[in-house]
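Q: Please take a close look at the part of this model that surrounds the ligand. Then place that part in the rest of the chain.

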Amino acid sequence: MVDLGCGNAYLTFAAYRYLSQRGLDVTLVGVDVREDQRRRNTELAERLGWGDRVSFVAGTIADAAVEPAPDLVLALHACDTATDEALARAVRWKARWVLAAPCCHHDLAAQLRARPTPAPYELLTRQGILRERFADVLTDALRAGLLRLHGYRAEVVEFVDSQHTPRNLLIRARRTGTGPTDEQRADYRDLVTQWQVTPRLETLLADTPEHPLPDGAGRDETGAAGRDETGPEVRRAG
Ligand SMILES: C[S@@+](CC[C@H](N)C(=O)[O-])C[C@H]1O[C@@H](n2cnc3c(N)ncnc32)[C@H](O)[C@@H]1O
């Protein structure tokens, strides 16, 4: 497993303890640009007796050395487009599971400010606070949409109540080996074309081919269509 943008590694240590106590054979790497965090977290892992299982790397989410490629990618509140870097890295690793709770969203908010709003949606963006909140929703909807184009079943859920943090959305994705349907491609393309935006994740994945369409396009190994079948997109986890 990897925890991208791990900071003080509260999640890293909690995830290791939770999973190892359930008998899972887990190794976990925490990645953060800050060398001081790497030193502090490494010392803590050693004090806990977990030094051979929980390690830390100082480097960027985009290119920190993590070997072997992880099965599961965590990213909790990686700032702004660092979440996009985490999702892109997960796609390139072909990670089986991705759990990413985004933080602030500035990228699409800036793009929306710089372009005329397509009709008939002016009321959505006229007020600054509404435009920011709409940009948040658009960003995470497009992130989930892009993950679907790259072979993931993706859903967006609330992982804690908003009284704990307003940043309480979780993008939860599982690699299915499913190629996207034409409808999924069109949904994504129509949305970015209409709003004239280029999400950072799209740019980061530009050189990564979409998941290839297998025989029986848009169907996974179980024969199910490559759409979420887990109910409404936004709902409370657990
Ligand atoms: C808001 S903190 C969250 C820390 C931790 N995940 C948590 O929730 O407690 C974001 C962390 O991401 C790190 N970070 C931001 N951009 C990064 C990047 N491109 N590569 C690696 N680390 C990054 C920052 O140094 C910071 O420690």
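A: A residue is called buried if 20 or more other C-beta atoms, placed from the backbone, lie within 10 Å of its own, exposed if 12 or fewer do, and partly exposed in between. This is a predicted model, in which local features need pLDDT (the predictor's confidence in each residue, from 0 to 100) of at least 70, side-chain atom pairs count only at pLDDT 80 or more, and totals for chains, interfaces and linings use all residues. Residues are numbered from 1 along each chain as its sequence is written.

The ligand is surrounded by 19 residues (C-beta within 6 Å of it), and the closest are Gly 5, Gly 7, Ile 61, Leu 76 and Ala 82. Two or more residues of this shell come from each of helix 1 (10–21), strand 2 (28–32) and helix 3 (82–93); helices are DSSP runs of H or I with at least four residues, strands runs of E with at least two, numbered from the N terminus. By class, eleven residues of the shell are nonpolar, five are polar and three are charged. Here Ala, Val, Leu, Ile, Met, Phe, Trp, Tyr, Cys and Pro are nonpolar, Asp, Glu, Lys and Arg charged, and the others, Gly among them, polar.

Strand 2 also runs parallel to strand 3 (residues 54–58), to which five bridges join it; pairing requires at least two DSSP bridges. In this pair, Val 29 stands opposite Ser 55 of strand 3.

Two loops that lead into helices of the shell each hold a residue other than glycine with positive phi. Between strand 1 (2–4) and helix 1 lies Ala 9, whose phi is near 70°. Ala 9 counts as buried because 23 other C-beta atoms lie within 10 Å. His 77 lies between strand 4 and helix 3, and its phi is near 60°. With 16 other C-beta atoms within 10 Å, His 77 is partly exposed.

Further along strand order, the loop between strand 3 and strand 4 (72–76) contains Pro 68. The peptide bond from Glu 67 to Pro 68 is cis, with omega about -10°. Another cis bond joins Ala 119 and Pro 120, with omega about 5°; Pro 120 is in the loop between helix 4 (107–113) and helix 5 (122–125).

As for the whole, the protein has eight helices and eight strands, and 37% of its 238 residues count as buried. Its mean pLDDT is 89, with 88% of residues at 70 or more.
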